[in-house]
Structure formats: structure tokens, C-alpha cells
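Dear colleague,

Please find below the structure for your review. My notes on what was found in it follow directly after.

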Amino acid sequence: RVYVPPHPLIKHWLGVARDAATPSPLFKSAMTELGRWLTYEAIRDWLPTEELMVQTPLAPCPATMVNPETPLVVVPILRAGLALLEGAQTLLPLASIYHLGMVRDEGTLEAKCYLNKLPQQFDPGTHILITEPMLATGGTMMSAIAELTQRGADPGFIRIISVVAAPPALQKLGANYPTLTIYTATIDEELSQQGFIVPGLGDAGDRAFGT
């Protein structure tokens, strides 16, 4: 359940984001666009709809609308996930936003949570979109999903948007959460000894925020 959408705009903005010569403001714009187009692909056939009748200026007409009763949540993984959030919000302006801060120990590559703004319990059927630019070892995302499922989230209703993913993360997530769905701009085959994706795009948080 891993999808790499063949959208030309996703490919274009991925190229911009990969380029080490891209300045921070343009890198942030690229991440916003990737967040927008990956979200567009991720919510295709995902959001429940309902059939209604509307009145056009000329006559009644059937219409298909997104069901407003479906709980919808976006969880950016801080801080790099914030770079994708703006684009996602343009398509899901009514979604609730819950921030989750995770930091990786560069020695052990283990993820630790330093900020948790998740609710105590998610309503049944809550659709959750996670924004996280890099899926490398999978440790951070495994910890994040553990926090979500402890609060009643159903992995079958969780979708992840990521800019670059690597096989170790995809294999780990797939083995532990087979109903999870991931949308990524590309899959890179290699990790460095430090657990960074190669060729990747560097530290997405540092590049997006100029630090």
C-alpha cells in the first residue's frame, strides 16, 4: 500500500527540493507544493462522500459532496512535517491539526517524543493524514503511529504523505501496519551509516526553516 504518484508537478517540485543549490525560501515553497499535490493524491477515493440535491440557478441537480460528519485530522510530525502542512491545509481547511514532536537520537537512531498535542481519544472512523517529509529507518513513524493507535486511531484510516521514503521504513511499517497507506514522491534505495536517505534531500527541517 505504497504509492508513488506519477504527477508531473510532484516530480518537478521533488527536483527543486533535492537540489542543494535551492535557497531556503524556494525549498519551503517546494515542500508546500509537494504537500498540496501529495495530499491531493492521498485523499482520492479516501474521503467519504454523500449524495445531495442542490439548486442551480436553473434547476435542481444531484451533487456529490464530502461528508462533513467524517472526523478529519492532520498530524504534522514536528518540525519537518510543518513544511508539508501548509499545502495539505489548502485542500483540507476544515481538518483538525494535532502536532506531534519527535526527535531522533543520532547515536541510537531511536525516536523520542518531546511534544504531544494529540487528543486523549479519537472518534471512531477518524481519517488521519500524517505529514512527514522523510521515511528513513521508520523509527519516528513507528513511534508516531503507536501514539495514535493508543488513542483509538485505526491504521486503516491513516494515510502518510512523505517526500522521500526508503525500503527499511516501508518494510517496517508494512509488516506492523498492513492496512496503512503511504503516498511518497519517490523511493530511494540507500541509507547512510547515520540513517540518512541517499540521495535524499538533506535535513528537510533545517532547509525549510533556514537553520
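Trp-46 touches Leu-72, His-127, Ile-128, Leu-129, Phe-157 and Arg-159, leaving aside residues up to four places away in sequence. Please bear in mind throughout that this is a predicted model. The residue itself sits in the loop between helix 2 and strand 2 (49-55). Trp-46 counts as buried because its relative accessible area is 7%, which falls under the 20% limit. Of its partners, Phe-157 is 111 residues away along the chain, yet the two C-alpha atoms are separated by 8.6 Å.

The neighbour of this tryptophan deserves a separate remark. Asp-45 is placed in the loop between helix 2 and strand 2, and its phi is near 60°, a positive value in a residue other than glycine. Most residues other than glycine have a negative phi, and most peptide bonds are trans. Is Asp-45 buried or exposed? With a relative accessible area of 77%, Asp-45 is exposed.

Two cis peptide bonds should also be noted. One joins Leu-78 and Arg-79, with omega at about 0°; Arg-79 is found in the loop between strand 4 and helix 3. Another joins Val-198 and Pro-199, with omega at about 5°, and Pro-199 is found in the loop between strand 13 (197-198) and helix 6.

Turning to the helices, helix 3 (residues 82-91) has Ala-83, Leu-84, Leu-85, Gly-87 and Ala-88 buried. What do these buried residues pack against? Their partners are helix 2 (24-42), strand 4 (72-78), strand 5 (96-97), strand 8 (127-131), strand 10 (158-165) and helix 6 (204-209).

Helix 4 (residues 139-149) is mostly covered, with eight of its eleven residues buried. Among them are Thr-140 and Glu-147, and each of these two appears again below.

The largest pocket holds about 610 Å³ of space. It is lined by 27 residues, and those nearest its centre are Ala-80, Arg-104, Glu-132, Thr-140 and Asp-203. Strand 4, strand 6 (100-104), strand 9 (134-135), helix 4 and helix 6 are the elements that give two or more residues to this lining.

The structure holds five salt bridges, and three are described here. Side chains of opposite charge can pair when their charged atoms come close.

- Glu-33 and Arg-36 meet through their side chains at 2.8 Å, N to O. Both lie in helix 2, three residues apart, about one turn of the helix. An α-helix has 3.6 residues a turn, so residues three or four places apart point the same way.
- Arg-44 and Glu-41 meet through their side chains at 3.2 Å, N to O. Arg-44 counts as partly exposed at 42% relative accessibility, whereas Glu-41 counts as buried at 12%.
- Glu-147 and Arg-151 meet through their side chains at 2.9 Å, N to O. Glu-147 and Arg-151 are both buried.

Lastly, a nonpolar patch on the surface is formed by Val-2, Val-4 and Ile-187, with about 190 Å² of accessible area together. Ile-187 belongs to strand 11 (residues 181-187). Ile-187 counts as partly exposed because its relative accessibility is 32%, a value between the 20% and 50% limits.

With kind regards

Definitions and conventions. Residues are numbered from 1 along each chain as its sequence is written. This is a predicted model: local features need pLDDT of at least 70, side-chain atom pairs count only at pLDDT 80 or more; totals for chains, interfaces and linings use all residues. Side-chain values use heavy atoms; hydrogens and water are left out. Buried means under 20% relative accessible area, exposed over 50%, partly exposed in between (1.4 Å probe, protein chains only). Helices (H or I, at least four residues) and strands (E, at least two) are DSSP runs, numbered from the N terminus. Contact means heavy atoms within 4.5 Å. Patches are made of residues with over 30% relative accessible area and no salt bridge: like charges are joined within 9 Å, nonpolar side chains (Val, Leu, Ile, Met, Phe, Trp, Tyr) within 5 Å. Accessible areas come from the Shrake-Rupley method with a 1.4 Å probe; for residues, only the protein chains shown count as cover. A salt bridge is a side-chain nitrogen of Lys or Arg within 4 Å of a carboxyl oxygen of Asp or Glu. On a 1 Å grid over the protein atoms alone, a cavity is a set of points where a 1.4 Å probe fits but cannot get out, and a pocket is an open set with protein on both sides within 12 Å along at least five of seven lines; lining residues have an atom within 4 Å of a point. Grid points are joined across faces, edges and corners, and a volume is the space filled by probe spheres set on the points.
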